[in-house]
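Hi,

Here's the structure I said I'd pass along. Have a look, and my notes are underneath.

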Amino acid sequence: MSNEQPAYELAQVNIARLRFPLDSPELKDFVEALDPVNAVADEADGFVWRLRSDSGNATDVPVFGDDWLIVNMSVWRDTNSLTAFMYQGQHRELLARRHEWFERVKEAMTTMWWVEAGHRPTVEEAEKRLLHLREHGPTPHAFTLRTSFPHPGPVRVG
């Protein structure tokens with residue numbers, strides 16, 4: 001039996017610009033779905049960690065100093081586990097409705113990067129990765145699901 005563990009995990013961040021205040025009737029469905037969708041994520045195969053404040057989610061965590069932006073950041077085993085969660089169940093339903101709640105923005109609002117297993121990225125780190133993607137396009141430093149890169153090293157035997 002092997003004790004191989006991944007030496008790297010996949011960090012992802014996505015930010016969104018709200019069309020309405022979080023406590024508005026227009027965002028009621030989104031806000032009410034946060035806890036159930038986060039609970040599904042927490043139990044998903046390949047899920048490792050997600051950013052949360054005392055509220056249980058991250059909607060009150062500041063990003064880019066803009067009160068109209070909300071952030072979602074998590075760590076997953078790999079791109080396959082993240083993709084499997086993103087495109088199934090209630091998360092898929094929310095994804096389909098995102099333009100009701102969030103502004104359409106031309107610049108990149110989501111990115112991924114590999115972190116050493118056990119590392120929990122900060123919002124500042126995520127902002128830098130997102131800015132890097134916007135400036136340089138997908139690279140091993142910051143990439144997208146459409147243009148992803150393999151983790152930078154071998155599995156760790158421990």
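Below is what turned up, starting with the pocket and moving on to the aromatic rings.

Before anything else, keep in mind that this is a predicted model.

The pocket first. The largest one holds about 1,400 Å³ of space, and 47 residues line it. If you want to find its centre on screen, go to Asn14, Ile15, Leu95, Arg98 and Thr110, which are the lining residues nearest to it. Quite a few elements take part in that lining: strands β2 (8-17), β3 (47-50), β4 (69-76) and β5 (110-116), plus helices α1 (28-43), α2 (79-86), α3 (89-96) and α4 (98-101), each give at least two residues. As for chemistry, the lining splits into 28 nonpolar, 12 polar and seven charged residues.

Now the rings. There are seven aromatic pairs in the structure, and one of them is Phe30 with Trp101. How are those two rings arranged? Their centres sit 5.5 Å apart and their planes make an angle of 45 degrees, which falls between the 30 and 60 degree cut-offs, so the pair counts as tilted. This pair also ties together distant parts of the chain, since Phe30 belongs to helix α1 and Trp101 to helix α4, 71 residues apart.

Are the two partners buried or exposed? Phe30 has 9% relative accessibility, so it counts as buried. Trp101 is buried as well, with a relative accessible area of 1%. Phe102 joins them, and Phe30, Trp101 and Phe102 make up one aromatic cluster.

Cheers

Methods: Residues are numbered from 1 along each chain as its sequence is written. This is a predicted model: local features need pLDDT of at least 70, side-chain atom pairs count only at pLDDT 80 or more; totals for chains, interfaces and linings use all residues. Side-chain values use heavy atoms; hydrogens and water are left out. On a 1 Å grid over the protein atoms alone, a cavity is a set of points where a 1.4 Å probe fits but cannot get out, and a pocket is an open set with protein on both sides within 12 Å along at least five of seven lines; lining residues have an atom within 4 Å of a point. Grid points are joined across faces, edges and corners, and a volume is the space filled by probe spheres set on the points. Helices (H or I, at least four residues) and strands (E, at least two) are DSSP runs, numbered from the N terminus. Ala, Val, Leu, Ile, Met, Phe, Trp, Tyr, Cys and Pro count as nonpolar, Asp, Glu, Lys and Arg as charged, and the others, Gly among them, as polar. Rings of Phe, Tyr and Trp (its six-membered ring) pair if their centres lie within 6.5 Å; planes under 30 degrees apart count as stacked, over 60 as edge-to-face and the rest as tilted. Buried means under 20% relative accessible area, exposed over 50%, partly exposed in between (1.4 Å probe, protein chains only).
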